Each structure stands twice: as structure tokens, then as C-alpha cells.
There are 2 protein chains.
Amino acid sequence: MMRRIYFHHDSLRGKAKTYEWLKEEIDELGEALRENDKTALENEFADVLAWLASLANVVNVDLEKAALSKYGNKCPKCRKTRCECPLSK
Amino acid sequence: MMRRIYFHHDSLRGKAKTYEWLKEEIDELGEALRENDKTALENEFADVLAWLASLANVVNVDLEKAALSKYGNKCPKCRKTRCECPLSK
């Protein structure tokens with residue numbers, strides 16, 4: 001979906017600038033987390049996901065496929081469907 | 001899916017620490033972008049999405065619903081299915 005809406009713009013902008021926008025959205029998400037406003041939070045989560053998907057499009061990575069291939073219903077470290085890794089991470 | 005695998009851990013970790021991990025993953029994604037290694041890139045995109053989903057779970061936001069509600073097949077600013085906003089963003 002993000003490819004259809006934004007790929008034309010994103011490809012012109014390039015990966016470095018798109019990454020910078022993603023980082024700004026991450027900062028805005030951090031602010032929304034501190035403020036604890038549910039609507040603002042939903043907005044910022046949507047923006048981060050949108051920019052992440054845009055960046056993936058620019059570098060030709062299938063975001064959903066990459067995530068499913070690494071995390072397909074289990075933790076890639078302990079291999080459990082409910083992660084049992086030590087809590088440090 | 002991320003809720004099933006990680007919610008137990010994530011809820012113990014809390015939102016501030018989960019956000020810090022997300023930021024670290026964003027930095028690692030930045031490194032992978034500079035190195036241009038496709039496998040590393042896919043890995044890092046998967047990690048960022050996983051931590052973003054984890055963080056959304058911790059603060060009880062439905063990530064997919066939030067994104068679809070804001071970006072449901074069109075740019076939220078210009079309302080076009082292929083964004084026609086000026087290129088500054």
C-alpha cells in the first residue's frame with residue numbers, strides 16, 4: 001500500500017533522507033509515549049510504520065516478508081512461541 | 001503475532017526500555033543501510049518492525065489498525081492514492 005501511495009516520492013528522496021524522516025518520527029513517537037495521549041500515540045505509531053515501509057520500498061526490501069521470515073510465530077533466539085529468553089533483552 | 005511471542009517479556013520490561021531497544025534497532029538499520037548488504041538489511045527491517053510491534057503491544061495500540069486508519073490507501077494530506085504533496089516531505 002505504501003509503495004502505491006509514496007514510492008514515486010520516496011524513490012526521488014532517496015534512502016538517506018527517508019531514513020532521517022524515519023528517525024524524526026521515532027523521536028515524535030518518544031514524545032507521544034511520554035505524554036500518554038492515546039490518539040497522538042496511534043498517530044505516531046502509524047507514521048513510524050509508514051516511514052519504515054517507505055524506506056523498505058526505497059531499498060527494495062519486502063518488510064512483511066522479512067519480518068515473517070525472521071519471526072514466523074516464534075522467537076528466533078529461543079525458538080519458543082512464547083519467548084523464554086532471559087529478560088536482559 | 002508479536003503479542004503472543006513477546007508480550008509477557010515486553011510488559012515486564014515497560015515502555016521506556018522497549019522504546020530504547022527500538023531506537024537501538026533503528027541505529028542498526030542505519031548501519032545496514034550504509035553497508036548495503038541485502039541480508040543484513042532484511043534482518044534489521046524485521047527487528048525494527050518487531051520492536052515497534054512490541055512497543056505498540058505494551059501501550060495497547062493496535063499497530064496495523066492505527067496505520068490503516070491513518071493511511072487507508074491514500075495520503076492523509078493530499079488524499080490521493082498516489083501522493084502529490086510537494087517533495088519537502
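Where is B:Arg79 found in chain B? The last of the views below returns to this residue. This is a predicted model, in which local features need pLDDT of at least 70, side-chain atom pairs count only at pLDDT 80 or more, and totals for chains, interfaces and linings use all residues. Residues are numbered from 1 along each chain as its sequence is written, chains are lettered from A and ligands numbered from 1 in the order in which they are written, and side-chain values use heavy atoms, with hydrogens and water left out.

**View 1. Helices H2 and H3 of chain A cross at roughly 165°.** Here we look at H2(A), residues 15-35, and H3(A), residues 38-58, whose axes come within 9 Å. Helices are DSSP runs of H or I with at least four residues, numbered from the N terminus; axes are lines fitted to C-alpha atoms over the stretch in contact, and angles run from 0 to 180 degrees between N-to-C directions. H2(A) and H3(A) are therefore roughly antiparallel to each other (angles over 145 degrees count as such). The crossing of H2(A) past H3(A) is left-handed, meaning that the near helix is turned anticlockwise from the far one by less than a right angle, whereas clockwise is right-handed. Among the residues in contact (heavy atoms within 4.5 Å) are A:Trp21, A:Leu22 and A:Leu29 of H2(A), together with A:Phe45, A:Trp51 and A:Leu55 of H3(A). By class, this contact has 15 nonpolar, two polar and five charged residues. Ala, Val, Leu, Ile, Met, Phe, Trp, Tyr, Cys and Pro count as nonpolar, Asp, Glu, Lys and Arg as charged, and the others, Gly among them, as polar.

**View 2. A two-fold axis relates the chains.** A turn of 180° and a shift of 0.0 Å along the axis lay chain B on chain A with an RMSD of 0.0 Å. The superposition is by least squares on the C-alpha atoms of residues with pLDDT of at least 70 in both copies. Look for B:Leu49, which of the residues of chain B comes closest to the rotation axis, at 3.9 Å (C-alpha). The copies meet through the same surface, because 100% of the interface residues of chain B are also interface residues in chain A.

**View 3. Helix H1 of chain B crosses H3(B) at roughly 65°.** The axes of H1(B), residues 2-13, and H3(B) come within 9 Å, and the crossing is right-handed. Its contact includes B:Tyr6 and B:Phe7 of H1(B) and B:Trp51 and B:Asn57 of H3(B). These residues of the contact divide into seven nonpolar, three polar and three charged.

**View 4. B:Asn57 of helix H3(B) touches B:Phe7.** B:Asn57 lies in H3 of chain B and counts as buried at 11% relative accessibility, while B:Phe7, in H1 of chain B, is partly exposed at 28%. Buried means under 20% relative accessible area, exposed over 50%, and partly exposed in between (1.4 Å probe, protein chains only). Leaving aside neighbours within four places in sequence, B:Phe7 is in contact with B:Met2, B:Asn57 and B:Val58. B:Phe7 and B:Ala53 are 46 residues apart in sequence and 9.9 Å apart in space, C-alpha to C-alpha.

**View 5. B:Arg79 has a positive phi of about 65° although it is not a glycine.** To settle the opening question, B:Arg79 is found in the segment after helix H4 (63-71) of chain B. B:Arg79 is exposed, with a relative accessible area of 55%.

Terms used. Helices (H or I, at least four residues) and strands (E, at least two) are DSSP runs, numbered from the N terminus. Angles under 35 degrees count as roughly parallel, over 145 as roughly antiparallel, 65 to 115 as roughly perpendicular and the rest as oblique.
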